[in-house]
Structure formats: structure tokens, C-alpha cells
Amino acid sequence: MSIINRILFKYLKSYFFLNKINIKILHKGVELNLYHLDGTDVLEEKYYRKTASVCPECLKKIDAVVQEEDGKIFMVKNCPEHGDFKDIISSSAKYYKWTHYQKKDKNGKVLWQFDKDGESNPADCALDDDRGCPYNCGLCSEHISTCALALIDLTNRCNFNCNFCYANIEKSGYLIEPTLEEIDRIMTHFRSKPMPAVAIMFTGGEPTVRKDFPEICKMAKDHGFKEVIVATNGYGFQKKNGGLEWTKKVFEMGLDTLYLQFDGINNETYEKTRGIKKLMPYKMRVVENCREVGLSSINLVATIVKGITDIEVGNIIQFALDNIDVVRGITFQPVSLCGRITAEEMDELRITNADVIQEIENQTGGKIRMDEAWYPLSTIVEFGRIIAYLADVDPIEFTCSPDCGFATYLVVDPDTNEMVPILDYFDPLKIIDFANRFWEKIKHKEKQPIKFFEGILGDMGKTFDEGLNLLDKTQLRARFLLGILQYTKKPGKLMEMFSRLLMNGDWESISSFTHGTLLLSSMHFQDAYNMDIERVKRCIVHFGVAMPDGSVNEISFCTMNTLHRERIEKLVAKKVTAKVKEEFDTTTGQTREEIHQQVAQNGGMRKTELGEE
Ligand code: SF4
Ligand code: SF4
């Protein structure tokens, strides 16, 4: 053994001894108490929190209270001009209280909570409006999360004309369609931040009606986005003439994932939600063409409307399982309520995240239980940071409010080929607790990287220190894995896959781990009735808009749709010439005639075309 190796070996021994991570449970049951209300006073206390919101009529900022009544959680607020407003935030006070539970020490210091402190990039704009959030988007210095998902509206043209859609040329009367130069500017904005966005999603309108859509996918990859996603009703992918080739092309150009609008498995459901008959064959062609070209990352997106699509949640899960080779996840989105509605209409229409996950429990025969399977998205913040740190990739930070969304995993057991909840493999609460404590150690290490040889050997020593830090990371991976394995209920191929992910430590392994797993999530976008400014400030889903003055405006999804869209779109709208109005014809898009024909020919048929209402 050379002298350097001997020094290295001795150093590593002492280094790892001193930094030994305590993976023992301190007291029996402590971890569970960290995350569970049961047995605490919190359960007995009525929930009450002050926040700020906006008036649904005039959109002025007003005080609001989030409080418990009859086992439910409501937002109550008053506008001096427009009176009282009351909206349900969660139909389960117990579940809501769990997601807002804080573990405190005897001095009242918060030791743990689902609300996670986000990292912030430097502000893009001044706090010009002294009313503060949500009028300063963005991003202003009050914002406390980075962008986990960057959005660009590619067009407001669409082959459908859904009743509740806010982004539609037919309704707005103007065209929103950023040029390639503007799209490039937005991508540069998101990627040039100290904590760059890792994932980008193209939205609309229907993004795939743009002829230059494949080039835009390539542009995103060239900018370094790891995950390139399109939110689509399936238009470009399903065409009978050329859909397969088009799917292949966009896949080759860099598209990773489809967020496929998917309201259910019954044609009748789509008639109600989209006003189009026979839409299932259209959706099936999307799935089949993706399968054919190997584009195996479809996330089904279901807008949940009471009495219309909530009855389909079980069907959608079964559809995903039947197509697990290409479907990786389902996102349930309780419908947001736009425009003015009465209290009675509110009662009829409002559905919360808790209702959705309760419905999933009901429709899966209790297999995916509300009280044990679902966690706020923010639960995995530390876990995600560890994986990103060990894999040397940019982290995706889910530091949104616990009210924003929930998630759970189903896993195809590679040994038996059966789909089971991930709870069958792991003890999630213990793993979360372990990950939280592990991250504390890593944070400490990040601040103090090893600088052992630098002091002795100068520049040459730096190279050795880099080697030490690399070895250190490999050791950390192994330790993290060992820690996780402690809380594994069922060893087998899944754990092998996870080990490979951790030890390979690259984006591709992370991405391939999600094959054969089904991520179920629910995100409830806010509207003016339930807007909670504390949620808004933590938003992780941000629109980028290229402004006429050459800047890029980064705006939280929920404030964009509630407050800023009309004003901003007027600034960036392109003239709707007579030609555009008649044909939707632009240099980058398809004509209205082409689009309508595609709907009719390919199985989808507008109800009006059949002479019906
Ligand atoms: S949502 Fe964020 S960027 Fe917009 S005003 Fe609030 S804190 Fe500022
Ligand atoms: S888009 Fe709305 S629901 Fe989603 S993270 Fe942002 S604030 Fe939360």
C-alpha cells in the first residue's frame, strides 16, 4: 500500500467513524408520533388559522380564516364591498389537521412539519405593488419556492372547445402564440437561474396543433431540461393519417412525457365534459401510438367534477394498470371554479382533494386508503434532495403547501407481476424520518467539504480532496441504502432496482425506476373562492411569459389563472386578423378546417355536428 493510500485509508476510517449516522430508532414509537396526530391534543383542538385571500368579485386582497366546522375545514372571508364568502377547503378535518401537524419541542420550537421551507432563486422583479402577494408576480422576493415545473402556453388554439377552458381563441377573440424566439427566451430564463427548473411542460390550448412542436421539444432538450412534457388532449398523437410518424418524431426530438387529458373510460363522460361524442377511440389511438414507438411515459390527467368524473376514478386507475407498460401516473385535478357562482352552485360543484382520495378508497375497495396511503407532495422534499445530491442532478423541490397536492405509489411487484401499494414494501413514515435526519447530515457536509490534502499539498492536494469527496459520496449512497433497507418489509427485485438507482446515481436510473410503478397524485388548483396567499407564495408550478419589452414574466400557476391572465394576455396577444379568425391559420399552426376534420374523421365527433345541443 502506497503512503498516500495508507494516509487515505486512515483518514477515511476516522472520517466515517466521526460522521457515523445514527440510524437507530431513538425511542420506540417516536417516529410515528412525529407524523401522527393520534394521541395528541391537536385532534381535540378545533383548527383555526388566519391567512389572506382575495374577494371573488373584485379580486381585492382581504383577510381570511381557515377553520374547522362539523368535521370539515372551511375558508371564511368578508369583502367590505361584496359581503361574506365561505368555501370548503377539505371535507376531512382530521386529515387536514394531520397535514398541518407540527411537532414542537418543549419551548415551542417547530421540530418537524409537512410545510417545508423552500429554496428561493433571486427575485426577478421589485415589490412594486405595496399590497404584496399576489399582485407582484413575478417572481418577487416574497416567493419561497423554486420552480419545480416550468410551463409555457404554446398557443390558445385548440381542436376542442371545452366549456370550462380559460385558454381558448374562440372565447377570447385574440391569438396567443409565442414565436420560437420568445420560447427560447422563456427557456433561457428558467434554465439560467441558480436553481434551474428541471422539468418543462407545454400547455395551451392544444400545444400539438403547432406545426413546429417537434422543434420546440428539441429546443427544450438543448436547453438542458431533463423532463419535457406536453399537456395534451392527444390531438397530434392520434391522427389516423400520420399520427404514428408524428409521435415517433416528437419522441425522437426530445418529448419525454404526455400529460394526457383523460376524464374517464366512457364516451358518455367525454360528451358531458368536452361536448364531443365517441372520444375513447381517439384516446386509445394516443396510447397505442405511444406504445408502438416506445414513448412509455403517459400521465393521465383527470379533471374531477362532482357527479360527472368523480364516478370514473376507479375506472381510470384500472385503465392505467391495464396499460402499465406506457402509463406511469394519474393526476386527479378537482375542478377550479372560475367566474361568478352562487353559494348553491358552489355546494353543488366544489370538490376537494380529500373528496377525491376518499373516492379512490371507495372505488378501489379500500386498497388505497385515505388515512395511510396518501401523503402531501411536500413529504418527500428531503428524500428528493438526498437522491438529487447523491446522483449529482439538479433537485426538483416539492416545497408547495400541503394543501396543494397529495401522492401515493402503486408498484408492479416484479416477482409476482401484481400491482400493490408501495406501503407493502416500505414503512413510509420511518423512511421519511430517516431521510429527514440523513439530509441534516448531508447539509452539514455540503457546507464543509473535505479539504484535507489542500492544506498539505496545495493545488495537487485539491485533486486528492476531490477524490475523497467522491468516495465520500459513494459511501453516503451505501449508507442511505442501508438505512432504507432497515425499513423494508419485502426484499426482492424492487429493492434491487432501487439499489441500482442509488448506486448508479444518474437521471436515467431515476427515470427508469418509475417504469412499472404508478404514481397517483392529486393537485387542487386554487380559484378566487379558496385562494390562500400562504399557499400561493409556495407555488412550485410557474408560467413563463415572454413580454413585449424583452423580459420574461414568471408567474405562479394559481395567480395566473385567477388574477393575471387577462391583463398579461392583452399585452402579449397577437392580432386576430380576418384570416386567423376564419381559419386559425398562422405560420406555425394548422387550419381550423384541418383541425375540425381531424376530430370528426378520427372517432371524435362534436355533438353539434350530429344536430344535437
Ligand atoms: S405568487 Fe410569488 S411572485 Fe407572485 S406576488 Fe406572490 S410571492 Fe410574489
Ligand atoms: S399551481 Fe396552485 S396548487 Fe399547484 S403548487 Fe402552485 S399554488 Fe399549489
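In the predicted model examined here, Gly 275, which lies just after helix α9, adopts a positive phi of about 70°. The helix that precedes this glycine spans residues 267–274, and within α9 the residues Thr 269, Tyr 270, Thr 273 and Arg 274 are buried. When α9 is viewed down its axis, these buried residues fall within an arc of 95°, so they line one face of the helix. This arrangement can be set beside a general property of such helices: an α-helix has 3.6 residues a turn, so residues three or four places apart point the same way. The partners of the buried residues of α9 are two strands, β11 (276–277) and β12 (298–304), against which they pack.

The loop that joins β11 to α10 (280–293) contains Leu 279. Leu 279 counts as buried because 29 C-beta neighbours lie inside 10 Å, where 20 or more are required for a residue to be classed in this way. Between Leu 279 and Ile 265 there is a separation of 14 residues in sequence, while their C-alpha atoms are 9.2 Å apart in space.

Elsewhere in the chain, 4 strands form an open sheet, in which the order is β1-β2-β3-β4 and the pairing is antiparallel. The edges of this sheet are occupied by β1 (48–54) and β4 (83–90), each of which has a single partner strand, so that one side of each is left without a neighbour in the sheet. On average, and with direction ignored, neighbouring strands of this sheet are turned by 30° against each other. Strand β2, comprising residues 61–69, pairs with strand β3, comprising residues 72–79, in the antiparallel sense over 6 bridges. Ala 64 is placed opposite Lys 77 in β3.

Two ligands were also considered. Around ligand 1 there are 14 residues, of which Cys 133, Cys 137, Gly 138, Cys 140 and His 143 come nearest. By class, the shell around ligand 1 is made up of 7 nonpolar, 5 polar and 2 charged residues.

Around ligand 2 there are 13 residues, and those that come nearest are Cys 400, Cys 404, Cys 539, Phe 557 and Cys 558. At least two residues of the shell around ligand 2 are supplied by each of the helices α21 (533–536) and α22 (557–572). The shell around ligand 2 divides into 10 nonpolar, 2 polar and 1 charged residues.

Definitions and conventions
Residues numbered from 1 in each chain as written. Chains lettered and ligands numbered in written order. Predicted model: local features only at pLDDT ≥ 70, side-chain atom pairs only at ≥ 80, totals over all residues. Pairing = 2+ DSSP bridges. Axes fitted to C-alpha atoms, helices over the stretch in contact; angles between N-to-C directions. Buried ≥ 20, exposed ≤ 12 C-beta atoms within 10 Å, placed from the backbone. Arc of directions from axis to C-beta. Contact = placed C-beta atoms within 7 Å. Near = placed C-beta within 6 Å. Nonpolar A, V, L, I, M, F, W, Y, C, P; charged D, E, K, R; others polar.
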